[in-house]
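Please open the structure below in a viewer and keep the selection tool at hand. The tour proceeds by selection, one stop after another.

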Amino acid sequence: MFDRDFNKHPFIVIWELTRACQLACLHCRAEAQYKRDPRELTFKEGKKLIDEIYNDLGNPLLVFTGGDPLMRQDVYDIADYAIKKGVRVSMTPSATPNVTKEAIEKAKEVGLARWAFSLDGPTAEIHDHFRGTSGSFDLTMTSIQYLHELKIPIQINTVISRYNIDVLDEMAKLVEDLDCVLWSVFFLVPTGRGKDSDMISPVQHEKVFQWLYDLSKRVKFDIKTTAAQHYRRVVIQNKMRENKSKAEQIRYQDALMQGKTGQFDGLGRAPKGVNDGNGFVFVSHIGDVYPSGLLPVKAGNIRDSSLTEIYQNSPIFKELRNPDAFKGKCGVCEYRHVCGGSRSRAYAMTGDYMESEPFCVYIPKALRTKQSNIL
């Protein structure tokens, strides 16, 4: 996995099995509906997609998402086919009455090794408001208890927004108390139902990144971020400050220029800067292909072209895999190969996915040098 060439093989494939969901989350990028779309990829089409992911795309991680994947009656058949094929599969169901102990037992029998549930606040008041459904918090906690009883590792997903920015310490304690293996922290992108006004400020982003880094050194669960590529910069900056060895400093700098710091920067998820369209690909419920679920720029449809062809050769994907072509400060930033900024947020805020990350406060060395020369 560490030698993976993102020009050929993605690190992760997200398949949106359905957009049907019983929740009405404020930030939902899918704007999920209560009923399934009759145009969804069929089981037969799904098997063909899985075959291609395994045979032609280097067998990346495959995540079933939605909507709520459990709204598809054939979800376990799809998972069973993929797992028997040798694909590593995880699933992010919604905490609804569909998540019964029997449903989780069935998933375990099929071989789903990890489940991810969303918790967006340490209390029912905060979480239920964000999820748009009363009782969601209690259902989530019950579902997590089922997972513990069945000895299935738990991942918690949390969207950072203005609704929970002031209770992150309590949120981290809850994740720890729930004995989770991974806290996946999402930073809101205003797409779908998400609004600009729900986001935290650029300065707050930076403060939360530092808080997450400090937290990562004292908790037993792993931490990963989504739509927060600049967290990688914060991690690397901290590692650089902490490391007194000149040789190690040089090693970091060399790796930084090559985009390979993920092997030893403590991020623990991917070997280098995964970003929208660069190591990451999203397949919608009807087969449309996007650089990510948060970047709604369609690059093709797997009913017309293979996923491999779209990922490797689409002009959109090829452009996104060229950090040197990023505009503004992202294009000259020394961290562009390991960070690159959120292409999704750039698109949501400016209409151009190649523009600078609008919620990053960092000033690249090249611009600081230029300003010094002017002065």
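Select strands E1 (residues 12-16) and E2 (residues 61-65) in this predicted model: the two pair in the parallel sense over five bridges. Within this pairing, Val 63 of E2 is the bridge partner of Ile 14. Next, add strand E8 (residues 280-283), which runs parallel to E1 and is joined to E1 by four bridges. Here Trp 15 stands opposite Val 283.

Now display the side chains of E1 alone. Which way do they point? Ile 12, Ile 14 and Glu 16 point one way, while Val 13 and Trp 15 point the other way. Five of the five residues of E1 are buried, Glu 16 included.

Keep Trp 15 selected and add Leu 62, Trp 115, Trp 183, Leu 212 and Leu 307; these residues touch the most other members of the largest nonpolar core, which comprises 78 residues. Helix H7 (residues 202-216) gives the most to this core, with six residues.

Centre the view on Leu 212. Beyond residues up to four places away in sequence, Leu 212 touches Trp 183, Val 185, Phe 187, Ile 223, Thr 225 and Tyr 231.

Finally, move to the loop between helix H9 (246-258) and E8, and select Gly 277. Is Gly 277 buried or exposed? Gly 277 is buried, because its relative accessible area is 0%, below the 20% cut-off. Leaving aside residues up to four places away in sequence, Gly 277 touches Pro 291, Tyr 311, Phe 317, Leu 320 and Arg 321. As a last step, select the C-alpha atoms of Gly 277 and Ser 314: they are separated by 9.9 Å, and the two residues lie 37 residues apart along the chain.

Definitions and conventions. Residues numbered from 1 in each chain as written. Predicted model: local features only at pLDDT ≥ 70, side-chain atom pairs only at ≥ 80, totals over all residues. Heavy atoms only, no water. Core = buried A, V, L, I, M, F, W, Y, C linked by side-chain atoms within 4.5 Å. Buried < 20%, exposed > 50% of the residue type's maximum accessible area, 1.4 Å probe, protein only. Contact = heavy atoms within 4.5 Å. Pairing = 2+ DSSP bridges.
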